[in-house]
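Here are a few friendly notes to read alongside the model. They start with the ligand site and end with two backbone details.

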Amino acid sequence: MNFGVLISGTGSNLKAILEAMAAGKLDGRVPVVISNVAGAPGLAWARAHGVPTLVIDHKAFPNRAAFDAALVDTLRAHEVDWVVLAGFMRVITPVLIEAFPSRIVNIHPSLLPAFPGLHAQKQAFDYGVRVAGCTVHLVDAGTDTGPIMAQTAVPVLDMDDESSLRARILAEEHALLPRVLQWIAEGRVRVVPGENGARARVSIAGGGVT
Ligand code: GRF
């Protein structure tokens, strides 16, 4: 299974994916990492570990659709089966979504549908929730709205600040994302269309217990 990974920043989730592959816990390869930001630290780390990287700067394109068309060309050229958004800070368009229907995965640092969008950990902390977490979901046309594949909850402690909560969530992201990708690699993931206006759901053969 070829997972194309899109990043914009630190790339710690990318690192978790590659480490899971190296440890034999994730059957697949990453034929290409694409960043829209030239200086993304995750790029340097990937290069140092022999993973092909490319920068496609969104600012070089007249609109989001043209940028996404370039992403699609590059992903296809690298024979990508599934696309993983791992800290990719761009809103994607139907151009990308329709090129990889129900085959784009995003990791989001909240228990969706709570706190979609930017700064989810700060949103959760500021709200005062006692349980926070992360979500891996399929990407649809909305922002963080697609069918949920898996979630991990973490407690919010009295001694927490936003930074400690962010770190606790991120540690769980690093465990959750490779696990879900392995379900994909095993062919266990199926999208069940919603009936009578209900949302589509993801079904994981064997239960999908994290
Ligand atoms: C993670 O918190 C992820 O959930 C969010 O962006 C952050 C990316 O972190 N979408 P990293 O670049 O993988 O370290």
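1. The ligand occupies the largest pocket. On a 1 Å grid over the protein atoms alone, a pocket is an open set of points where a 1.4 Å probe fits, with protein on both sides within 12 Å along at least five of seven lines. A molecule sits in a pocket if more than half of its atoms lie within 2 Å of its grid points.

2. Before going further, please note that this is a predicted model, in which local features need pLDDT of at least 70, side-chain atom pairs count only at pLDDT 80 or more, and totals for chains, interfaces and linings use all residues. Residues are numbered from 1 along each chain as its sequence is written, and side-chain values use heavy atoms, with hydrogens and water left out.

3. Around the ligand are Thr10, Gly11, Ser12, Asn13, Gly87, Ile107, His108, Pro109, Gln121 and Glu173 (a heavy atom within 4 Å). By type, this shell has 2 nonpolar, 7 polar and 1 charged residues, with Gly counted as polar.

4. Domain 1 (1-101) and domain 2 (106-210) each give at least three residues to the shell; the bounds come from an automatic or database assignment. Helix 1 (12-22) and strand 5 (104-108) each supply at least two (DSSP runs: helices H or I, at least four residues; strands E, at least two).

5. Ligand oxygen atoms lie 2.7 Å from a polar backbone atom of Gly11, 2.8 Å from a backbone N or O atom of Asn13 and 3.5 Å from one of Thr10. The protein buries 85% of the 370 Å² that the ligand exposes when taken alone (Shrake-Rupley, 1.4 Å probe).

6. Two loops deserve a look. Pro113, between strand 5 and helix 5 (120-127), follows a cis peptide bond from Leu112, with omega near 15°. Glu79, between helix 3 (64-77) and strand 4 (82-85), has a positive phi of about 55° although it is not a glycine.

Terms used
A polar contact is a pair of N or O atoms within 3.5 Å; within protein, one must be able to donate a hydrogen and the other to accept it, and residues adjacent in sequence count only if both atoms are side-chain atoms. On a 1 Å grid over the protein atoms alone, a cavity is a set of points where a 1.4 Å probe fits but cannot get out, and a pocket is an open set with protein on both sides within 12 Å along at least five of seven lines; lining residues have an atom within 4 Å of a point.
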